[in-house]
Amino acid sequence: MNFEEARAQFPVLEKLAYLNAGTFGPIARTTHDAIVRELDRDYRDGRSGGPNFARVMELRDQLRQSIAALVGAEPAQVALTTSTTDGCNIVLGGLGLGPGDEIVTTTDEHFGLLGALATSGARVVVVSPDPDSIRAAVTSRTRLLALSQVIWTTGRILPVRELRQETGIPILVDGAQSVGAIPVSAVGIDYLTISGQKWLCGPDATGALVVTDPDRLGISAPSYFSQADYDPDGQFRPKPGAARFDPGWWPPSSLAGLLAALESRPSWAFDHAAAVAERCRDLLAGGVNGLSVDVVSPVAGERSTLVAFRPAGEATEIVEALYHADVHVREIPGTGLIRVSCGWWTSDGDLDRLLAGLPT
């Protein structure tokens, strides 16, 4: 599948310069068709009966296998969640931390991670998002590093695996802006959260959590999917593997949709996304209509697919004007930054439309 064929999977690109996969990725025809087929099946044949339930459980197993293959994990290490926020709450709820424990995080984390940290019971130590500051914050009381692999505000990449190795501290990695955007391996990562609707271009409210050693994490919010069997008083034997952390039922349309999205990714997806992000950075750094633009990321040699820049003007107004010009980007609240998401479907023409829409 060449670039033109791959890009043609997304009808929305016929209209929009879609540069906001950091929030929601575009939906491909194959994903749409898979979702519609399952909804039609439910509509025509109903949603009950043993064969139907068995088929949905098979879809869950297939999806677990596909997600595991994407990040180099085992299917038994994958829980199916509805978001990265789900994953963060599952981990922080299961660790059993208290006031004598510390968690090291950074100033630029998303609330999807921060909210879970705040309710963990541990003391949260907040430092700037650079490796030296993170290392320096580790003490004898540190029980967890909680970090984004790609910072959602700027697109900067943190060396999460190296930090885990150097400090010896378990790590929870927020993979919302990395999995599907850049090559990610779960090997050496204790907990990795995954978003399905962003860079993987799947349906809304889909995601996963990779747990290296499921037996060592407590179950703080059991669902029907957590148990292999249970007693009348609620005592239960957990399912083997990370399936014990599944928070609930996924509609078969969502399962089939995310499976289709994963299957439609071309082999060159990561290389193209990195190259087009670098071109976007270079175009912006070269100035827009003669005016300089403060490009924050990515820095040279960094393969992030998020490009953050501070425009010569009010970011909120510029993002709104671009939206009305069918160029979709994201403002980062409170920073004055505009964030551009460069995907494997992004063309040079999309970047040209972005630059043409910026104020002179």
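The following paragraphs lead through a predicted model of one protein, from its overall build to single residues.

Residues are numbered from 1 along each chain as its sequence is written. Because the model is predicted, local features need pLDDT of at least 70 and side-chain atom pairs count only at pLDDT 80 or more, while totals for chains, interfaces and linings use all residues; side-chain values use heavy atoms, with hydrogens and water left out.

The protein contains eleven helices and 15 strands. Helices (H or I, at least four residues) and strands (E, at least two) are DSSP runs, numbered from the N terminus. The radius of gyration is 21 Å, close to the 21 Å that the globule rule gives for 360 residues, so the protein is as compact as a globular protein of that length. That radius is taken over C-alpha atoms, and the globule rule is 2.2 Å times the number of residues to the power 0.38. Taken along the principal axes, the C-alpha atoms fill a box of roughly 70 × 60 × 30 Å.

Of the 360 residues, 53% count as buried. Buried means under 20% relative accessible area, exposed over 50%, and partly exposed in between, with a 1.4 Å probe and protein chains only. About 15,300 Å² of the protein is exposed, and carbon and sulfur atoms supply 52% of that area. The areas come from the Shrake-Rupley method with a 1.4 Å probe; for residues, only the protein chains shown count as cover. Among contacts (heavy atoms within 4.5 Å) between residues at least 6 apart in sequence, 67% join residues at least 24 apart. The side chains include 30 positive and 43 negative ones, and the centres of the two sets lie 2 Å apart. Here Lys and Arg count as positive and Asp and Glu as negative, while His and the chain ends are not counted. Each charge is placed at NZ of Lys, CZ of Arg, CG of Asp or CD of Glu.

Among the helices, α5 covers residues 111–118, and its buried residues are Gly-112, Leu-113, Gly-115, Ala-116 and Leu-117. What covers these residues includes the helix α4 (84–95) and the strands β3 (102–106), β4 (123–127), β5 (142–148) and β6 (171–174). Another helix, α2 (residues 29–45), holds Glu-38. Glu-38 has a relative accessible area of 8%, so this residue is buried. Leaving aside neighbours within four places in sequence, Glu-38 is in contact with Arg-55, Pro-252, Ser-253 and Ala-256.

Aromatic rings offer another way into the model. A search of the whole structure finds eight aromatic pairs. Rings of Phe, Tyr and Trp (its six-membered ring) pair if their centres lie within 6.5 Å; planes under 30 degrees apart count as stacked, over 60 as edge-to-face and the rest as tilted. In one pair, the rings of Phe-225 and Trp-249 have their centres 6.3 Å apart and their planes at 25 degrees, so the pair is stacked. Phe-225 lies in the loop between β8 (207–211) and β9 (227–230), and Trp-249 in the loop between β10 (236–238) and α8 (252–263), so the pair ties together parts that are 24 residues apart in sequence. Phe-225 is buried, at 7% relative accessibility, whereas Trp-249 is partly exposed, at 43%.

In a second pair, the ring centres of Trp-344 and Trp-345 are 5.5 Å apart and the planes stand at 70 degrees, so the pair is edge-to-face. Trp-344 is buried at 3% relative accessible area, and Trp-345 is buried at 1%. These two residues form one aromatic cluster with Phe-3, Phe-10 and Trp-268.

Trp-249 also has other partners. Apart from neighbours within four places in sequence, Trp-249 is in contact with Phe-53, Val-56, Arg-60 and Phe-225. Trp-249 and Thr-81 are 168 residues apart in sequence, and their C-alpha atoms are 9.3 Å apart in space. Gly-286 and Gly-241, by contrast, are 45 residues apart in sequence and 51 Å apart, C-alpha to C-alpha. Gly-286 sits in the loop between α9 (269–285) and β11 (294–297) and is exposed, with 67% relative accessibility.

Two further loop residues have a positive phi although neither is a glycine. For Ala-205, phi is about 55 degrees; this residue lies in the loop between β7 (191–195) and β8 and is partly exposed at 47%. For Asp-326, phi is about 65 degrees; this residue lies in the loop between α10 (315–324) and β13 (327–328) and is partly exposed at 25%.
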